[in-house]
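Please load the model shown below in your viewer and keep a selection tool at hand, since each stop of this tour begins with something to select.

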Amino acid sequence: MTTYLVRLNGQNFLIDRDGGPRKMRFYSTRLVEAEDPKQAEILALDFIRNDTRLQDTVLTDVSDPPMIYHDPAAAAVTLRECGSAHCDHAALSHVQSECH
């Protein structure tokens with residue numbers, strides 16, 4: 001299996017905050033192990049959809065539902081690979097900066 005980096009963007013999430021319900025968005029980056037990029041995207045979306053903290057705070061409006069978009073999954077450089085002579089340190093620093 002390959003480790004993939006998937007960037008997710010949630011939009012139109014109606015959440016009850018201190019000042020009352022308001023629409024919010026979020027960004028999340030997930031590292032997932034999968035057979036291929038498509039499976040990685042599905043797994044990353046499932047992680048977000050099954051997050052009970054998110055489910056408990058979102059006020060569902062079927063006429064204007066929240067949406068989750070994602071960038072294409074990209075193979076990620078893992079720390080294990082950095083111990084090898086084939087490590088691309090520039091790629092690793094890019095992944096680390098994306099995850100912070």
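Select Glu 41 together with its neighbours: leaving out residues up to four places away in sequence, Glu 41 touches Val 6, His 70, Asp 71, Pro 72 and Ala 73, where a contact means heavy atoms within 4.5 Å. Among these neighbours, Ala 73 offers its backbone nitrogen, which the side chain of Glu 41 reaches at 2.9 Å. That distance fits the cut-off for a polar contact, defined as a pair of N or O atoms within 3.5 Å, of which, within protein, one must be able to donate a hydrogen and the other to accept it, with residues adjacent in sequence counting only if both atoms are side-chain atoms.

Before going further, note that this is a predicted model, in which local features need pLDDT of at least 70 and side-chain atom pairs count only at pLDDT 80 or more, while totals for chains, interfaces and linings use all residues. Residues are numbered from 1 along each chain as its sequence is written, and side-chain values use heavy atoms, with hydrogens and water left out.

Stay with Glu 41 and extend the selection to helix H1, residues 37–49, in which Glu 41 lies; helices (H or I, at least four residues) and strands (E, at least two) are DSSP runs, numbered from the N terminus. Is Glu 41 buried or exposed? Glu 41 counts as buried because its relative accessible area is 9%, given that buried means under 20%, exposed over 50% and partly exposed in between, with a 1.4 Å probe and protein chains only.

Next, add Lys 38, whose side chain meets that of Glu 41 in a salt bridge at 3.9 Å, N to O; the term requires a side-chain nitrogen of Lys or Arg within 4 Å of a carboxyl oxygen of Asp or Glu. Because they are three residues apart in helix H1, Glu 41 and Lys 38 are separated by about one helical turn. Lys 38, at 55% relative accessibility, counts as exposed.

The structure holds three salt bridges, and another can be found by selecting Asp 51 and Arg 53, whose closest N and O atoms are 3.4 Å apart. Here Asp 51 is buried at 17% relative accessibility, whereas Arg 53 is exposed at 64%.

Now select Asp 64 and Lys 23, whose side chains meet in a salt bridge at 2.1 Å, N to O. This pair links distant parts of the chain, 41 residues apart, with Asp 64 in the loop between helix H2 (52–57) and strand S3 (67–70) and Lys 23 in strand S2 (residues 20–34). Asp 64 is partly exposed at 29% relative accessibility, and Lys 23 is partly exposed too, at 46%.

Keep both residues selected and add Asn 12, Leu 14, Leu 59, Asp 61 and Pro 66, which together with Lys 23 and Asp 64 line the largest cavity. About 40 Å³ of space lies in this cavity. On a 1 Å grid over the protein atoms alone, a cavity is a set of points where a 1.4 Å probe fits but cannot get out, and lining residues have an atom within 4 Å of a point; grid points are joined across faces, edges and corners, and the volume is the space filled by probe spheres set on the points.

From that lining, centre on Asn 12, which is placed in strand S1 (residues 2–17) and has a phi near 70°, a positive value in a residue other than glycine. Move along to Ile 15, which also lies in strand S1 and is buried at 14% relative accessibility. Beyond four places in sequence, the contacts of Ile 15 are Gly 20, Pro 21, Arg 22, Met 24, Thr 57 and Val 58. Thr 57 is 42 residues from Ile 15 in sequence, yet their C-alpha atoms are 5.9 Å apart.

Finally, colour the chain by pLDDT, the predictor's confidence in each residue, from 0 to 100. The mean over the chain is 81, and 77% of its residues reach 70 or more. Among the elements, H1 has the highest mean, 94, and helix H4 (residues 89–99) the lowest, 44. Over residues 85–100 pLDDT stays under 50. Where pLDDT is low, the predicted coordinates should not be read in detail.

Definitions and conventions:
On a 1 Å grid over the protein atoms alone, a cavity is a set of points where a 1.4 Å probe fits but cannot get out, and a pocket is an open set with protein on both sides within 12 Å along at least five of seven lines; lining residues have an atom within 4 Å of a point.
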